[in-house]
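Here are my notes on this structure, as numbered points. Please read them with the coordinates open.

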Amino acid sequence: MSKHAILLSTWEWCLEASKGKVKIYDFIKPKKKGIRALQPGSICVILTLAEKDKPPTFFGEFKVVEVKEVSAEEYNRLAHLMYKPQSLGPGEKRWIIRFEDFVEYPKKIPKKEFTDVKSSTSKNPLSEWVIMGRFYIDDKVLEGIRRKCGYYEKKPAVTIPSLSELENRIRNIEKRLSYIESLLGISKIPFQITHECVELILLEIGRKLGFKVYTADPSKTCNNIRLGDLVNMDKNELREYAGSRLLDPLSLIDVIWYNESRREFYAFEVVLTTDMRSSLEKLTDILGLRAKLFIVADEHRKRDYEKRMKSLAYRAIKDICKFIPLTSIIKIYTLTKLWTQAVEPLQLHFIKSDMPF
């Protein structure tokens with residue numbers, strides 16, 4: 001069933017509707033079957049009833065807002081929106097169509113002249129159709145009626161912003177982006193990722209999460225920040241926490257976090273241009289510690305990592321070593337900064353606020 005329809009009415013009804021005095025189309029007789037094929041947004045074309053010297057003519061159209069069957073009580077309450085409302089008795093019902101945007105066609109064309117308008121499925125033209133009441137039509141017929149009656153639906157005008165408006169929009173976007181970057185701390189992430197800068201990121205994350213942190217490269221720098229200025233754990237403390245036997249191999253790990261309450265290590269090896277094998281061997285050398293081991297590298301190095309982890313040489317660390325891509329580390333870094341800033345007023349005991357920058 002199509003969503004549009006042709007409805008019958010009088011010239012007087014159409015004239016009153018075109019003045020905005022009629023907002024409801026009501027059916028004279030009760031209908032056993034509903035008219036739910038019409039939905040909000042459907043278009044109803046009004047065909048006038050034949051009168052003396054006036055053949056059935058397409059007068060105009062309206063847009064459906066609501067279709068429903070109402071009781072006599074509700075009908076009477078809405079009567080002021082109708083043209084010559086009926087007098088209904090108790091228990092009687094009527095179907096009504098509440099509408100908006102009644103449009104009077106520029107040209108009133110008699111139905112008999114629509115010899116060139118057909119539906120997508122009909123063989124006969126609209127001029128030959130027998131219309132006794134509500135008659136459903138498709139888009140093709142609706143457009144044919146509109147075209148012949150000289151009505152073309154206005155499309156919303158496309159407004160092209162001026163150059164100054166575009167510039168203002170761009171500035172506002174840049175401000176919002178700058179605010180978001182500032183909020184997330186993205187501006188402090190080194191865009192030229194180097195081995196030392198990844199170590200710096202790991203040291204910052206560890207410090208913000210309340211770990212003791214150490215690096216094997218304290219003299220190296222990233223963005224003019226010396227890595228040694230970020231650590232809060234030296235070799236003497238490593239010896240205290242790990243013992244003398246594992247001090248030497250442990251002190252060669254790129255970045256170490258230590259949880260004092262759990263007496264647990266987190267060991268990170270950064271693999272950018274260096275060999276994957278040597279990093280895995282360094283992690284293997286600290287077996288015996290209560291530790292979680294990590295390889296931090298670009299995503300394209302993951303296949304090399306997985307291939308090597310199948311070797312018997314690294315079987316001992318297979319279940320405790322994880323691969324973390326660089327993109328994940330940067331994301332963790334950003335979210336950690338945002339989260340620690342957000343919860344700082346809570347003064348959580350494991351959040352450290354003594355960062356040197």
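1. Disulfide count. This is a predicted model. With a cut-off of 2.5 Å between cysteine sulfur atoms, the count comes to one disulfide. The pair is Cys-197 and Cys-222. Their sulfur atoms sit 2.0 Å apart.

2. Where the disulfide sits. The bond links distant parts of the chain, with its two cysteines 25 residues apart. Cys-197 belongs to helix 5, residues 195–208. Cys-222 belongs to strand 8, residues 221–222. Is Cys-197 buried or exposed? Cys-197 is buried, with a relative accessible area of 4%. Cys-222 is buried as well, at 3%.

3. Handedness. The torsion about the S-S bond of Cys-197 and Cys-222 is about 100°, so this disulfide is right-handed.

4. Cysteines outside the pair. Why is Cys-14 not bonded to Cys-149? The closest cysteine sulfur to that of Cys-14 is in Cys-149, and it lies 12 Å away, too far for a bond. A disulfide needs the two sulfur atoms within 2.5 Å. Cys-14 is buried, at 0% relative accessibility. Cys-321 is buried too, with a relative accessible area of 3%.

5. The sheet. Five strands make an open sheet. Their order is 7-10-11-12-13, and the pairing is mixed. Which strands form the edges? They are strand 7 (212–215) and strand 13 (321–325), and each pairs on one side only. From one strand to the next, the twist averages 20°.

6. A parallel pair inside the sheet. Strand 11 (residues 264–271) and strand 12 (residues 291–297) run parallel. Seven bridges join them. To check the register, start at Ala-267: its bridge partner in strand 12 is Leu-293.

7. Helices on the sheet. Helix 8, residues 276–284, lies across strand 11, strand 12 and strand 13. It runs at about 170° to strand 11. Helix 10, residues 326–343, also packs on the sheet. Helix 10 touches strand 12 and strand 13. Its direction makes about 80° with that of strand 13.

8. The largest pocket. How much space lies in it? The figure is about 490 Å³. The lining has 18 residues. Closest to the centre are Leu-8, Tyr-25, Asp-26, Phe-27 and Ile-28. Strand 1 (4–9) and strand 2 (24–26) are the elements that give two or more residues to this lining. Strand 1 has the largest share, three residues.

9. Backbone check at Asp-101. Phi of Asp-101 is near 55°. That is a positive value in a residue other than glycine. Asp-101 lies in strand 5, residues 93–110. It is partly exposed, with a relative accessible area of 47%.

10. Backbone check at Asn-224. Asn-224 is not a glycine, yet it has a positive phi of about 65°. Where is Asn-224 placed? It is in the loop between strand 8 and strand 9 (225–226). Asn-224 is exposed, with a relative accessible area of 79%. The exposed class begins over 50%.

How values were computed:
Residues are numbered from 1 along each chain as its sequence is written. This is a predicted model: local features need pLDDT of at least 70, side-chain atom pairs count only at pLDDT 80 or more; totals for chains, interfaces and linings use all residues. Side-chain values use heavy atoms; hydrogens and water are left out. Two strands pair if DSSP finds at least two bridges between them. Helices (H or I, at least four residues) and strands (E, at least two) are DSSP runs, numbered from the N terminus. Axes are lines fitted to C-alpha atoms, for helices over the stretch in contact, and angles run from 0 to 180 degrees between N-to-C directions. Contact means heavy atoms within 4.5 Å. Buried means under 20% relative accessible area, exposed over 50%, partly exposed in between (1.4 Å probe, protein chains only). On a 1 Å grid over the protein atoms alone, a cavity is a set of points where a 1.4 Å probe fits but cannot get out, and a pocket is an open set with protein on both sides within 12 Å along at least five of seven lines; lining residues have an atom within 4 Å of a point. Grid points are joined across faces, edges and corners, and a volume is the space filled by probe spheres set on the points.
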